Amino acid sequence: PRFLHASPKRVFKAWTDPKEAAAWVANGGRAILQPQVDGLFYLDMVYLEHTYPHYGRYLAIDANRRLEFTWMRGTKG
């Protein structure tokens, strides 16, 4: 398990707000999020001058308590 020193509200926002997600998980890359059940997300994750696309679909959302989604990695861009 992983423990974060942050409130559930803060962690939820970090995964569902496009500006927050772009800053930390995408390392400044693009983040397009539709945080609703069956909504889609797309992240351009930047690492060592390369962009790695990741995408998925939100499966379950209970604000500040639960966030379930699929996670697929595309090819290096």
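The legends below describe close-up views of a predicted model of one protein chain.

**View 1. The whole chain, with two helices and five strands.** Along the sequence, the elements of the protein chain come in the order α-α-β-β-β-β-β. The radius of gyration is 13 Å, close to the 11 Å that the globule rule gives for 77 residues, so the chain is as compact as a globular protein of that length. Taken along the principal axes, the box filled by the C-alpha atoms is roughly 35 × 30 × 25 Å. The accessible surface of the chain comes to about 5700 Å², and 55% of this surface belongs to carbon and sulfur atoms. Of the 77 residues, 27% are buried. Among contacts in the chain with a separation of 6 or more, 23% are between residues 24 or more positions apart.

**View 2. Helix α1 and the elements packed against its buried residues.** Helix α1 covers residues 8-16. Which residues of this helix are buried? They are Phe12, Ala14 and Thr16. The buried residues of α1 pack against a second helix, α2 (18-24), and against the strands β1, β3 and β4 (66-69). One of these buried residues, Ala14, also lines the largest pocket, which is the subject of View 4.

**View 3. The largest cavity and its lining.** A search of the whole structure finds one cavity of 30 Å³ or more. The volume of the largest cavity is about 60 Å³. Its lining consists of Trp15, Ala21, Val25, Leu33, Phe41, Leu43, Tyr58, Phe69 and Trp71. What classes of residue make up this lining? Nine are nonpolar, and there are no polar and no charged residues.

**View 4. The largest pocket and its lining.** The largest pocket has a volume of about 190 Å³. The residues that line the pocket are Arg2, Leu4, Ala6, Arg10, Val11, Ala14, Trp15 and Trp24. Helix α1 supplies four residues, the largest share of the lining. By class, six of the lining residues are nonpolar, none is polar and two are charged. Trp15 is part of this lining and is also listed in the lining of the largest cavity.

**View 5. Asp38 in the loop between β1 and β2.** The loop that holds Asp38 runs between β1 (31-33) and β2 (40-47). Asp38 has a positive phi of about 75°, although this residue is not a glycine. Is Asp38 buried or exposed? Asp38 is exposed, because its relative accessible area is 51% and the cut-off for exposed is over 50%. Leaving aside neighbours within four places in sequence, the residues in contact with Asp38 are Arg57 and Tyr58. Tyr58 is also one of the residues that line the largest cavity. Asp38 and Gly56 are 18 residues apart along the chain, and their C-alpha atoms are separated by 9.4 Å.

**View 6. Leu48 in the loop between β2 and β3.** Strand β3 (50-62) follows the loop in which Leu48 is found. Phi of Leu48 is near 50°, a positive value in a residue other than glycine. With a relative accessible area of 62%, Leu48 is exposed.

**View 7. Ala60 in strand β3.** The relative accessibility of Ala60 is 14%, so this residue counts as buried, the cut-off being under 20%. Which residues does Ala60 touch, not counting those up to four places away in sequence? They are Val37, Arg66, Leu67 and Glu68. A separation of 9.4 Å lies between the C-alpha atoms of Ala60 and Pro35, which are 25 residues apart along the chain.

**View 8. His5 in the segment before α1.** His5 counts as exposed, because its relative accessibility is 86% and exposed means over 50%. His5 and Arg65 are 60 residues apart in sequence, and the distance between them in space, C-alpha to C-alpha, is 15 Å.

Notes. Residues are numbered from 1 along each chain as its sequence is written. This is a predicted model: local features need pLDDT of at least 70, side-chain atom pairs count only at pLDDT 80 or more; totals for chains, interfaces and linings use all residues. Side-chain values use heavy atoms; hydrogens and water are left out. On a 1 Å grid over the protein atoms alone, a cavity is a set of points where a 1.4 Å probe fits but cannot get out, and a pocket is an open set with protein on both sides within 12 Å along at least five of seven lines; lining residues have an atom within 4 Å of a point. Grid points are joined across faces, edges and corners, and a volume is the space filled by probe spheres set on the points. Ala, Val, Leu, Ile, Met, Phe, Trp, Tyr, Cys and Pro count as nonpolar, Asp, Glu, Lys and Arg as charged, and the others, Gly among them, as polar. The radius of gyration is taken over C-alpha atoms; the globule rule is 2.2 Å times the number of residues to the power 0.38. Buried means under 20% relative accessible area, exposed over 50%, partly exposed in between (1.4 Å probe, protein chains only). Contact means heavy atoms within 4.5 Å. Accessible areas come from the Shrake-Rupley method with a 1.4 Å probe; for residues, only the protein chains shown count as cover.
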